[in-house]
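Let's take a walk through this model together. Have the sequence and the 3D view side by side, and we'll go from one residue outwards.

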Amino acid sequence: MDLFDRISADIKAAMLAKDKVRLETLRGIKKEFLEAKTAKGGDGTLSDETATKIMTKMVKQRRETAEIYAQQQRPELAANELAEAAVIEEYLPKQLTEEELTEELRKIIAQTGATSAKEMGKVMGVASKALAGRADGRAISAKVKELLA
C-alpha cells in the first residue's frame, strides 16, 4: 500500500473515530498529494519519495507557523499546528538521532574526500539526497559545518 492509499484509508478511520485534528490534517495531506499528481508536466502518479518530500515540507511549515504563533502569545493556535505536525510525522520515515546523523555525515565526508569548509557544497549535495526525509536540512548543514571546521 503506497502512502496515498494509506492516507485515504486513514481518513475513513479518522472520520469513524471523530478525530477532528487527524481528519483535517489527513485531508490536507491528500489535497497536497492530489495537487502534485495533477500538476502541469506530471504523469498522474505520485511516488512515495515525492509524497515524503511533500509531507516533510508540510511538517516544516507547521513548525514554523507554531513558532510564530508562540511569539505572538497565541498558544492555542501553536498547539494545533504542532498537533498537525505530529500527525504528519507518523507517515514520515524515522528521523535520525544526533549520533546517527554525525555518523552518516562522517561517512559522506570520507566518501567525497572533503577536508575544509570550502568543500561544504560538495558534501551537502550528497548528504541532502542521501538523508532526504530522515533529517532536517538545517540540522544537516549545521553538522557538516561543525565537522568540516
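Is E146 buried or exposed? With a relative accessibility of 51%, E146 counts as exposed, the cut-off for that label being over 50%. Bear in mind as we go that this is a predicted model.

So where are we on the chain? E146 belongs to helix α7, a run of 12 residues covering 137–148. From its first C-alpha to its last, α7 reaches 16 Å, close to the 16 Å expected at 1.5 Å a residue. For a sense of the surroundings, look across to G121: it is 25 residues away from E146 along the chain, and the two C-alpha atoms are separated by 14 Å.

Now turn α7 so that you look down its axis. I140, K143, V144 and L148 are the buried residues to pick out. Their directions fall within an arc of 125°, so these buried residues line one face of the helix. What do they pack against? The buried residues of α7 meet α5 (98–112) and α6 (120–130). On the face turned away from that buried side you'll find R138 and E146, both exposed.

There's a nice link between a buried residue and an exposed one here. K143 and E146 form a salt bridge, with 3.5 Å between the closest N and O atoms. The two are three residues apart in α7, which means that about one helical turn separates them. K143 has a relative accessible area of 9% and is therefore buried, while E146, at 51%, counts as exposed. Elsewhere, salt bridges that share partners join K31, E32 and E35 into one network.

Charge pairing is worth following further. Side chains of opposite charge can pair when their charged atoms come close. In this model the count of salt bridges comes to 15. Take the one between E84 and R62, whose closest N and O atoms are 2.7 Å apart. E84 lies in helix α4 (residues 75–89) and R62 in helix α3 (residues 48–71), so this pair ties together parts that are 22 residues apart in sequence. Both E84 and R62 are buried.

Another salt bridge involves the same two helices: E89 of α4 pairs with R63 of α3, so parts 26 residues apart in sequence are tied together. The N to O distance for E89 and R63 is 2.5 Å. How do these two sit with respect to the surface? E89 counts as partly exposed because its relative accessibility is 33%, and R63 is partly exposed too, with a relative accessible area of 37%.

Finally, swing round to the start of the chain and look for rings. The structure holds one aromatic pair. Its members are F4 and F33, in a tilted arrangement, with 6.3 Å from centre to centre and 35° between the planes. This pair links distant parts of the chain, 29 residues apart: F4 is in helix α1 (residues 3–17) and F33 in helix α2 (residues 20–37). Both F4 and F33 are buried. F4 has a charged partner as well, since the charged end of K37 sits over the F4 ring, 3.8 Å from its centre.

Definitions and conventions. Residues are numbered from 1 along each chain as its sequence is written. This is a predicted model: local features need pLDDT of at least 70, side-chain atom pairs count only at pLDDT 80 or more; totals for chains, interfaces and linings use all residues. Side-chain values use heavy atoms; hydrogens and water are left out. Helices (H or I, at least four residues) and strands (E, at least two) are DSSP runs, numbered from the N terminus. The expected span of a helix is 1.5 Å times one less than its number of residues. Buried means under 20% relative accessible area, exposed over 50%, partly exposed in between (1.4 Å probe, protein chains only). The arc is that of the directions from the helix axis to the C-beta atoms. Contact means heavy atoms within 4.5 Å. Rings of Phe, Tyr and Trp (its six-membered ring) pair if their centres lie within 6.5 Å; planes under 30 degrees apart count as stacked, over 60 as edge-to-face and the rest as tilted. A charge sits over a ring if NZ of Lys or CZ of Arg is within 6 Å of the ring centre and within 35 degrees of the ring normal. A salt bridge is a side-chain nitrogen of Lys or Arg within 4 Å of a carboxyl oxygen of Asp or Glu.
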